[in-house]
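Hi,

Here is the model I promised to pass on. Have a look at it first, and my notes follow underneath.

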Amino acid sequence: MTEFLSKSFYDTYLACRERDWGEALAAASGADVEQALRRVHLSFSDFLALLSPAAEAHLEPMAQKARALTLRYFGRTIQLYAPIYVSDYCENSCLYCSFSSRNRRKRKKLSLEEIDREAAFIAGTGLQHILLLTGESKKESPVGYLRDCVQVLRRHFSSVAIEVYPLSEEDYAGLVAEGVDGLTLYQETYDESLYRVLHPAGPKRNFRYRLEAPERGAAARMRQVNIGALLGLADWRREILMVGLHARYLQDRFPEVEIGASVPRLRPFAGAFQGSCEVGDRNIVQAILALRLFLPRLGIALSTREDSCFRDSLIPLGITRMSAGSCTSVGGYTVPDEAEDAFAQFEIADSRSIPEMMARLREKGYDPVLKDWIFGL
Amino acid sequence: MEDLLEIGGKKIACRLFLGTGKYAGNAQMREALLAAQADVVTVALRRVESGAMAESILDYIPPSCTVMINTSGARNAAEAVRIARLARASGAGDWIKIEVIADSRYLLPDNLETLKATETLVKEGFITFPYMSPDLSMARRMADCGAAAVMPLGSPIGTNRGVRTRELVEILIREISVPIIVDAGLGKPSDACQCMEMGCAAVMVNTAVAVAPDPVEFARAFSLAVKAGRLAYRTGMPGSAAEARASSPLTGFLRDHD
């Protein structure tokens, strides 16, 4: 697989972009899927077979193998985390996101005191892993503000990860020095021409800068780097193919970093764009299974974008981390006055509280893990 | 005569060391430790809750067990040393399983960094158990600098593939003066038994027990297998016929001569 290892993932991406993946996916046969299922170490072609339409007839054996691998490498545990949205000021105009600057809404940025209150509220549930999120605004939420946020959060949590706009390696290193251990950054779509259409204005237009951000974060000594595509924007099979390739690239180049992926699906939001490609439950399942079989140690996170029933069913198939008790609006946990006119980045489909989520996990035979890190290690 | 393993100033009856990760819950983990009559258990410091209000994994460890904190999460010697010091400061004791892993795909240990951490921690008075890829020179250096035992892997963590490193582990058993404890990759009680028959001082198991359909009974099965293997080793293993006996003896003609 190291034949894909290039200086930057963008080079790998360019080399792969020319191939007709649609044709390759359509050409994969049931026999290819069965062969992939027999292998211990899967090749990229095996991964492609597992994402193909032909594999849809093999979801059960794929699920059996995925569950066995997940149990072996991650045990009967699910790590829980919560997001904290600190600012929804945004200079971008992503067609699929409610934080888009085109949505003329009142914006909000939390003061450090408010963040402290939100953090105390979340930490009160026992959660020790927090994910800090902001919209992209160098003016309202610059790196200095993020550093201040981390200094507040570190008083409450064992692990602080970020999901913010792409930064330089130097800025990532600065945040790592403050104790940030994880980076989540979704490419949204790996189709560069569609990416340009979906991001008509703002700094996010730079496809390559975003694509290379995970490797900058890894180079800056982040512990965990999570990638993903927002499914529903383009053909999901090709997107997951690229997510798998990207994850594999990062694993090859940064063996000490834990690489993770997510399969977020487009949710209703304040805006009109609903995505052009439908992604059914069956497709999400196939995506998770293919990723698990291709990359057995890949962390796979599942957010509250999906409803409780579907989330529960996905747990044994390869999920390792779940957000819970989430609020996706700024100040949503403890600032009720603000919450009334606040708007969420996406609609939450699973609104169970942390204790409810923990009880459900235990019922399903899983240990909800609230702490799995030592701050500042 | 009692067959106790003397290590780190303690006398240990159960030569099955157990891990505490990957279980469906702390209560189940505790039951498994009790079923195996485990004397030594390893706990990742990263999983230990520090707040007074939080339920701690350590509360579920039977008081008869010695806790060996492992340095899971350390990517280099400095981080392993930091975790060990934090463990000591938090009252978790001096027994440290040194785990330095800079490879997230196979979780194979970095022997050089592990050695460096061992040297530092021994000087600071820790009882150290370095987890390593079986390598004679490294194991010698670890023993020479004062490791309480050396823990070579049987196969990569979580793979349940058994003692794939058998040839190398056998060399360590013959050549290294400190106890050899096979850690990682043991998937079945028979794998553990095999290690004990070979002459390992103990074995360490986590995944196979924690994710078994019935972890408690499987812990008991492992414990029995370790006892059986140890007993067989002490009794002396009979030589085995390396090859099947030929049905027509090659020297049969000598009889015809007579």
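Quick bit of vocabulary before the details: two strands pair if DSSP finds at least two bridges between them, and helices (H or I, at least four residues) and strands (E, at least two) are DSSP runs numbered from the N terminus. This is a predicted model, where local features need pLDDT of at least 70, side-chain atom pairs count only at pLDDT 80 or more, and totals for chains, interfaces and linings use all residues. Residues are numbered from 1 along each chain as its sequence is written, chains are lettered from A and ligands numbered from 1 in the order written, and side-chain values use heavy atoms, leaving out hydrogens and water.

Chain B first. It has an open, parallel sheet of 8 strands in the order E8-E7-E6-E5-E4-E3-E10-E9. E8 (151-152) and E9 (181-183) of chain B are the edges, each pairing on one side only. Inside that order, E3(B) (16-19) runs parallel to E10(B) (202-205), joined by 3 bridges, and Phe17(B) sits opposite Met204(B) of E10(B).

Now the interface. Chain A puts 32 residues into the contact (heavy atoms within 4.5 Å) and chain B puts in 33. There are 4 salt bridges between the chains, counting a side-chain nitrogen of Lys or Arg within 4 Å of a carboxyl oxygen of Asp or Glu. Arg223(A) and Glu79(B) form a salt bridge, at 2.8 Å from N to O. On the side of chain A that touches chain B, two or more residues come from each of H5 (59-74), H12 (236-253) and E9 (367-369) of chain A; H5(A) gives the most, with 4 residues.

Cheers
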